[in-house]
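Dear colleague,

Please find below the structure that I am handing over to you. A short account of what was found in it follows.

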Amino acid sequence: MKKFLIIVFILLIPQMGQSALKKGDFAPNFSLTAWNGENIEVYQLKGNGILIEFLSTKCFACDYVIPDINKLYGKFKKENIQIIGILFNDEIKEPQKLFEFAKNRGIQYPLFLCDVKIKKLYNIYGFPNFFILNREKKIVQIYRGITEDTFGLLSKDLEILLRRQ
């Protein structure tokens with residue numbers, strides 16, 4: 001138990017002294033590169049809201065929730081809610097490899113490459129992370145990690161977001 005606590009403390013050291021984003025904050029804007037090489041900024045995304053999933057190629061939990069995020073994408077696309085994945089990985093640098101990764105994992109929603117600067121902006125130190133933004137790009141919900149009902153929680157929050165529009 002003592003060893004576990006020491007490891008957890010060591011893992012949390014990078015977060016100490018940094019201001020964490022919270023509900024009500026404006027989400028930091030950043031540029032993304034899509035699998036087709038297109039660059040976009042988060043603030044350019046239009047619609048009733050945005051669900052951003054931060055994931056990694058070396059994250060079992062990220063693979064586990066892909067089918068749920070695909071369902072959310074199918075359900076909320078017609079409601080004009082943007083759902084995007086942002087992939088962190090040192091091995092995938094080219095857009096074509098991003099496309100292959102998405103295809104191999106069955107990802108149906110837009111997936112973008114990301115760099116360390118964005119990871120720091122959003123205080124990402126583990127995966128997956130989910131940020132729900134309203135149309136003004138304010139953070140309305142943050143989930144770090146997954147639960148037994150990640151799909152239900154995200155779905156409920158996106159429904160609430162639609163009702164508030």
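**Findings on three residues**

N129 lies in strand β6, which covers residues 129–134. Please keep in mind that this is a predicted model.

N129 counts as buried because its relative accessible area is 2%, and the term buried applies under 20%. Two contacts of its side chain deserve your attention. The side chain of N129 reaches the backbone oxygen of G126 at 2.4 Å. It is also joined to the side chain of R144 by a polar contact of 2.8 Å. If residues up to four places away in sequence are not counted, N129 touches I52, E53, F54, I124, Y143 and R144. R144 therefore appears both in this list and as the partner in the polar contact with the N129 side chain, while N129 itself is buried.

A second buried residue is S155, with a relative accessible area of 8%. S155 is found in helix α5, residues 150–164. Leaving aside neighbours within four places in sequence, S155 is in contact with L72, K75 and F76.

Y64 belongs to helix α2, made up of residues 60–76. Is Y64 buried or exposed? Y64 is exposed, because its relative accessible area is 51% and exposed means over 50%. Together with F60 and I146, Y64 forms a nonpolar patch on the surface. The accessible area of these residues together is about 360 Å².

I suggest that you locate each residue in the structure as you read.

With kind regards

Key. Residues numbered from 1 in each chain as written. Predicted model: local features only at pLDDT ≥ 70, side-chain atom pairs only at ≥ 80, totals over all residues. Heavy atoms only, no water. Patch = residues over 30% accessible without salt bridge, like charges linked within 9 Å, V, L, I, M, F, W, Y side chains within 5 Å. Areas by Shrake-Rupley, 256 points an atom, 1.4 Å probe, with all protein chains shown as cover. Salt bridge = Lys/Arg side-chain N within 4 Å of Asp/Glu carboxyl O. Helix = DSSP H or I, 4+ residues; strand = E, 2+ residues; numbered from the N terminus. Buried < 20%, exposed > 50% of the residue type's maximum accessible area, 1.4 Å probe, protein only. Polar contact = N/O pair within 3.5 Å; in protein donor to acceptor, adjacent residues only side chain to side chain. Contact = heavy atoms within 4.5 Å.
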